[in-house]
Amino acid sequence: PLTVAIKGGAKPLRDSGRLLASLSYRVEGRTIIVSTVHPAAKLLHEGGTVTPKGTRFLAIPAGAKTRSFMRTFGLTPRACIDGMKAAGYKVWPAFGKGAVLMAQNGTRGKPFVLFILKRSVKIPARPFMELGDDGRAQLSATLRRMVVP
């Protein structure tokens, strides 16, 4: 419900696809065990609070444009900022109703919000490792079709 309310649709939250790609399974008798080694899986599944380690603020990408810059200049906020500066972008903090990092391409580019700065972020639980009744029924039907008696 939270995803639908915020995004306006039920499409799963997905950026790089690494969590989905990390899912694996094994069969033990009549039991299927699904697991992942993705470092964020537990937090995403159970929810929790994220706080910065070694800095005062978390740097949260401000949107798809920032994620694109991160893929180009560096996958961490620090690497992205350093890469953008090396490419001629100006990056500076701005404080008002909230704290953000702004960026601008050279001196004539239009300034834009690059990262939103937060002292902590509460991640809501989004269980993805559990099957509801409909998922169990679909999985059972699929397995019955696949298993040769």
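# A walk from the L23 loop to the core

Visitor: Between which two elements is L23 found?
Guide: L23 is found in a loop, not in a helix or strand. Here helices (H or I, at least four residues) and strands (E, at least two) are DSSP runs, numbered from the N terminus. The elements on either side of the loop with L23 are α2 (18–22) and β1.

Visitor: What pLDDT do local features need in this model?
Guide: Residues are numbered from 1 along each chain as its sequence is written, and side-chain values use heavy atoms, with hydrogens and water left out. The model is predicted: side-chain atom pairs count only at pLDDT 80 or more, totals for chains, interfaces and linings use all residues, and local features need pLDDT of at least 70.

Visitor: What is the relative accessible area of L23?
Guide: Buried means under 20% relative accessible area, exposed over 50%, and partly exposed in between (1.4 Å probe, protein chains only). L23 counts as partly exposed because its relative accessible area is 33%.

Visitor: Which element gives the most to the nonpolar patch?
Guide: The patch on the surface includes L23, along with L20, Y25, V27, I32, V34, M129, L131, L139, L143 and M146, and has about 970 Å² of accessible area together. Patches are made of residues with over 30% relative accessible area and no salt bridge (a side-chain nitrogen of Lys or Arg within 4 Å of a carboxyl oxygen of Asp or Glu); like charges are joined within 9 Å, nonpolar side chains (Val, Leu, Ile, Met, Phe, Trp, Tyr) within 5 Å. β1 (24–28), β2 (31–35) and α6 (133–146) each supply at least two of its residues. With three residues, the element that gives the most is α6.

Visitor: How much of the exposed area of the chain do carbon and sulfur atoms supply?
Guide: Accessible areas come from the Shrake-Rupley method with a 1.4 Å probe, and for residues only the protein chains shown count as cover. The chain exposes about 11100 Å², and carbon and sulfur atoms supply 58%.

Visitor: What percentage of the residues count as buried?
Guide: The chain has six helices and eight strands, in the order α-α-β-β-α-β-β-α-α-β-β-β-β-α. Of its 149 residues, the buried ones make up 19%.

Visitor: Which element gives the most to the largest nonpolar core?
Guide: A nonpolar core is a set of buried Ala, Val, Leu, Ile, Met, Phe, Trp, Tyr and Cys residues joined through side-chain atoms within 4.5 Å. The largest has 14 residues, and F69, M84, F112, L114 and F115 touch the most other members. Two or more residues come from each of α4 (64–73), α5 (77–86), β5 (89–95), β6 (99–105) and β7 (112–118). The element that gives the most, with four residues, is β7.

Visitor: Why do the buried residues of α4 lie on the same side, and what arc do they cover?
Guide: The buried residues of α4 are T66, F69 and M70. They lie on the same side of α4 because their arc, taken from the directions from the helix axis to the C-beta atoms, is only 105 degrees.

Visitor: Which elements do the buried residues of α4 pack against?
Guide: The face turned away from the buried side of α4 carries the exposed residues A64, R71 and T72. The buried residues of α4 pack against β4 (58–61), α5, β5 and β7.

Visitor: What is the relative accessible area of T66?
Guide: T66 sits in helix α4. Setting aside residues up to four places away in sequence, T66 touches P61, V113, L114 and F115 (contact means heavy atoms within 4.5 Å). T66 is buried because its relative accessible area is 2%.

Visitor: How far apart are I81 and F69, C-alpha to C-alpha?
Guide: I81 belongs to helix α5 and is buried at 6% relative accessibility. Beyond four places in sequence, I81 is in contact with V91, L101, L114 and F115. I81 and F69 are twelve residues apart in sequence, and their C-alpha separation is 9.0 Å.

Visitor: What separates the C-alpha atoms of V91 and G106?
Guide: V91 is in strand β5 and counts as buried, with a relative accessible area of 17%. Apart from residues up to four places away in sequence, V91 touches I81, K85, M102, A103 and L114. V91 and G106 are 15 residues apart along the chain, and their C-alpha atoms are separated by 9.9 Å.
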